[in-house]
Amino acid sequence: MSGKYYKYLPWLIIGAFWSYQSASRYAQTTFDLVYLIIIFMIVNIALLYLHEHYLKYKYKDLFIRTMSNSKTDKHP
């Protein structure tokens, strides 16, 4: 089951780097830094999960709808 999530490993690494950069901008103490990194990583993983289970299919339907070449879409 975890085999299909290896493709997201680079995005998680980039997300961890982004989380550290964002957290270090707002943190004042070490506890704040760790807390904010954890919060930003949770948000990043939630967005990846949302993309994997819901948005990917919506993007596919939207792409098919916009790129379809039906005769009813043509104007005279």
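This passage describes helix H2 and the nonpolar surface to which its residue Val43 contributes, as they appear in a predicted model.

Helix H2 spans residues 30–67 and is not straight along this span, since a bend of about 50° is found at Leu55. Within H2, a set of residues comprising Leu36, Phe40, Met41, Asn44, Leu48 and Glu52 is buried, and the cover over the buried residues of this helix includes helix H1, which runs over residues 9–26.

A nonpolar patch of about 980 Å² lies on the surface and is made by Phe31, Val34, Tyr35, Ile38, Ile39, Ile42, Val43, Leu47, Leu50 and Tyr54. Among these residues, Val43 is located in helix H2 and is partly exposed, its relative accessible area being 41%. Residues of an α-helix that are three or four places apart point the same way, because the helix has 3.6 residues a turn.

Two further members of the patch, Phe31 and Tyr35, are also of interest for their rings. The structure holds one aromatic pair, and this pair is formed by Phe31 and Tyr35, whose rings are stacked with a centre-to-centre distance of 6.2 Å and an angle of 15° between the planes. Because Phe31 and Tyr35 are four residues apart in helix H2, about one helical turn separates them. With regard to accessibility, Phe31 counts as exposed at 63%, whereas Tyr35, with a relative accessible area of 47%, is partly exposed.

Note on methods: Residues numbered from 1 in each chain as written. Predicted model: local features only at pLDDT ≥ 70, side-chain atom pairs only at ≥ 80, totals over all residues. Heavy atoms only, no water. Bend = angle between axes of the 7 residues up to and from the residue. Helix = DSSP H or I, 4+ residues; strand = E, 2+ residues; numbered from the N terminus. Buried < 20%, exposed > 50% of the residue type's maximum accessible area, 1.4 Å probe, protein only. Contact = heavy atoms within 4.5 Å. Patch = residues over 30% accessible without salt bridge, like charges linked within 9 Å, V, L, I, M, F, W, Y side chains within 5 Å. Areas by Shrake-Rupley, 256 points an atom, 1.4 Å probe, with all protein chains shown as cover. Salt bridge = Lys/Arg side-chain N within 4 Å of Asp/Glu carboxyl O. Phe/Tyr/Trp six-rings, centres within 6.5 Å; stacked < 30°, edge-to-face > 60°.
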